[in-house]
Amino acid sequence: MKSFFFTLTLLCGLATVTAQSVAITVEAPTDTTVISRHIYGHFAEHLGRNIYGGFYVGDTSEIPNREGIRLDVVEALKEIEIPNLRWPGGCFADTYHWKDGIGPVEDRPSILNVWWGNVKEDNSFGTHNFLNLCEMLDAEPYLSANVGSGTPQELTDWIKYTTHPAGSSPMPDLRAENGREEPWDVKYWGVGNEAWGCGGNMRPEYYADLYRRFATFMTGWQNDELYRIASGASGDDYKWTEVLMQNIPKNLIEAIALHHYAVIDWAAKGPAVDFTENQYFITMKEALKMDELIEEHVAIMDKYDPEKRVDLLVDEWGGWYEVEPGTNPGFLYQQNTMRDAMLAGATLNIFNNHADRVKMANIAQAINVLQAVILTDEEKMLLTPTYHVFRMYVPHHDATLIPLSFESPMYTFEGESLPAISASASRDDEGRMHFSLVNIDSKQSHEIELDVAALGITGVTGEILTAETLQEHNTFDNPDQVAPTDFDGTEMSDGKLRLTIPPFSLVVLQGTK
Ligand code: AHR
């Protein structure tokens with residue numbers, strides 16, 4: 001592997017009196033870390049209009065669809081190369097009995113979606129629909145199994161139903177009877193969700209034992225291809241990780257999945273659009289906490305698993321605000337602004353920089369729920385600022401991490417400070433370098449100087465995502481209000497790349513040789 005180094009210099013913002021500059025030389029590691037594309041994963045729960053109206057409209061709909069799946073949504077998600085999709089929950093998963101969602105639609109029982117608005121769930125979207133959707137998207141399915149109110153038998157039946165060849169046992173035969181002869185390829189299996197909360201309000205000791213029991217009976221066809229994911233901690237519940245790492249044998253687990261939402265205050269989450277700077281600042285503070293959470297959970301994992309055999313996933317993350325006025329509070333429908341673009345860009349940079357242990361992440365959620373990448377209204381669809389961030393970061397998928405270290409200038413608000421700049425970089429298979437730079441500062445531009453001489457970069461192209469205000473967002477009447485544009489604000493001389501990154505902006509550069 002080629003050895004190279006470069007320097008990243010950050011010069012403090014133009015509006016400050018004294019310009020600070022930091023120059024750091026970074027040598028690429030010889031043991032290369034690949035940024036798993038699964039860090040760019042998504043999540044589809046039976047919640048509000050995520051599945052029904054979002055992904056699925058039924059095959060009698062006038063909205064263009066294939067087998068009931070919206071084609072506009074498929075096309076948009078393929079554009080961001082969606083690597084995986086987690087389903088059916090979330091909290092819903094621990095109430096879900098998968099056999100309710102197979103066979104003739106008219107025979108499927110309706111249930112009450114007790115977590116999300118107490119609405120009727122008619123099970124018209126089930127296992128076949130979801131796994132066929134994943135095939136259409138060319139995304140890997142991630143099935144989240146019911147541990148809270150389910151049984152090991154139910155889970156092993158689901159595994160056999162989906163992944164074993166027809167003719168091998170009754171479950172795969174039932175699948176074939178239901179129209180699918182070939183098994184699907186399902187590697188990722190969640191063993192419960194938020195076991196400390198909606199998944200059963202368990203103590204970590206109890207869940208660790210229950211996990212061991214369920215995982216014991218999870219047998220794929222080849223018997224070694226399943227990737228078993230334990231329900232991990234909520235935020236900074238480090239005891240949860242400690243107990244799981246202590247008590248679950250390594251041969252029974254592939255990953256632990258952390259959840260962390262950027263929430264201002266669970267009792268007063270604030271509006272998604274008309275937020276104040278104070279609310280923006282707190283959202284970003286909560287979002288940036290992800291870095292510390294990963295470091296602390298990883299430190300515990302390292303104690304028990306220095307070989308890093310067990311991965312850390314973050315299979316729910318994102319901004320969570322009050323629902324849009326007039327919408328069902330149980331549907332978690334919220335708009336998505338430049339604040340969300342900042343949140344997404346900075347968080348994805350954190351994941352990239354921790355790619356040695358963080359192997360998957362799933363933003364919550366894909367469509368019409370929380371920090372969605374897509375919003376729909378009947379036949380209309382729009383792409384949110386968060387969608388654009390995912391599109392701009394595609395070059396990082398499965399690329400080799402280039403570690404960066406620098407001291408950021410600070411974004412200060414009412415006496416509190418946060419690092420204004422976040423960054424990550426990678427090199428793709430064809431040797432192209434990509435730099436994603438985020439300036440969360442609400443007021444100040446910052447000058448960035450990258451010493452790229454050693455990389456042999458001679459030219460650069462780029463894109464910027466920014467807006468007039470942090471509150472700007474896309475609407476069905478004005479769907480392109482916030483969209484990336486070409487960025488030609490770089491200047492290259494003496495092997496150095498200089499740019500000024502405006503307030504609340506995100507720039508992705510591609511270095512060309
Ligand atoms: O994403 C919404 C909910 O948040 C999920 O169902 C649950 O796992 C989490 O508490």
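Select helix 4 (residues 170-177) first, together with helix 2 (127-137) and helix 3 (152-163), because the buried residues of helix 4 pack against these two helices; helices here are DSSP runs of H or I with at least four residues, strands are DSSP runs of E with at least two, and both are numbered from the N terminus. Contact, wherever the word appears below, means heavy atoms within 4.5 Å. This is a predicted model, in which local features need pLDDT of at least 70 and side-chain atom pairs count only at pLDDT 80 or more, while totals for chains, interfaces and linings use all residues. Residues are numbered from 1 along each chain as its sequence is written, and side-chain values use heavy atoms, with hydrogens and water left out.

Within helix 4, pick out Met171, Pro172 and Arg175, which are buried; buried means under 20% relative accessible area, exposed means over 50%, and partly exposed lies in between, with a 1.4 Å probe and protein chains only. These three residues are on the same side of helix 4 because they cover an arc of only 95 degrees around the axis, the arc being that of the directions from the helix axis to the C-beta atoms. On the face turned away from that buried side, select the exposed residues Pro170 and Glu177. Just after helix 4, stop at Gly179, which takes a positive phi of about 105 degrees.

Next, select the ligand and the 13 residues around it, of which Glu45, Cys91, Glu194, Tyr261 and Glu316 come nearest; a residue counts as near when one of its heavy atoms lies within 4 Å. A polar backbone atom of Cys91 is 2.8 Å from an oxygen atom of the ligand. In the side chain of Tyr261, an N or O atom is 2.7 Å from a ligand oxygen atom, and a polar side-chain atom of Glu316 lies 2.7 Å from an oxygen atom of the ligand. Taken alone the ligand exposes 280 Å², and the protein buries 94% of that; such areas come from the Shrake-Rupley method with a 1.4 Å probe, and for residues only the protein chains shown count as cover.

From Glu194, move to His259 in strand 12 (residues 255-262), since the side chains of His259 and Glu194 are joined by a polar contact of 2.5 Å. A polar contact is a pair of N or O atoms within 3.5 Å; within protein, one must be able to donate a hydrogen and the other to accept it, and residues adjacent in sequence count only if both atoms are side-chain atoms. His259 is buried, with a relative accessible area of 5%. Leaving aside neighbours within four places in sequence, the residues in contact with His259 include Arg86, Asn193, Asp315 and Glu316.

Then select strand 26 (residues 496-501), where the side chains alternate: Leu497, Leu499 and Ile501 point to one face and are buried, whereas Lys496, Arg498 and Thr500 point to the other and are not. Strand 22 (residues 446-451) runs antiparallel to strand 26 and is joined to it by 6 bridges, with Ile448 having Leu499 as its bridge partner. Two strands pair if DSSP finds at least two bridges between them. In the hairpin of strand 25 and strand 26, which has 2 residues between the strands, Asp494 takes a positive phi near 50 degrees.

Finally, display the open sheet of 6 strands in the order 17-20-21-27-23-24, where the pairing is antiparallel. Its edge strands are strand 17 (400-402) and strand 24 (485-486), each pairing on one side only.
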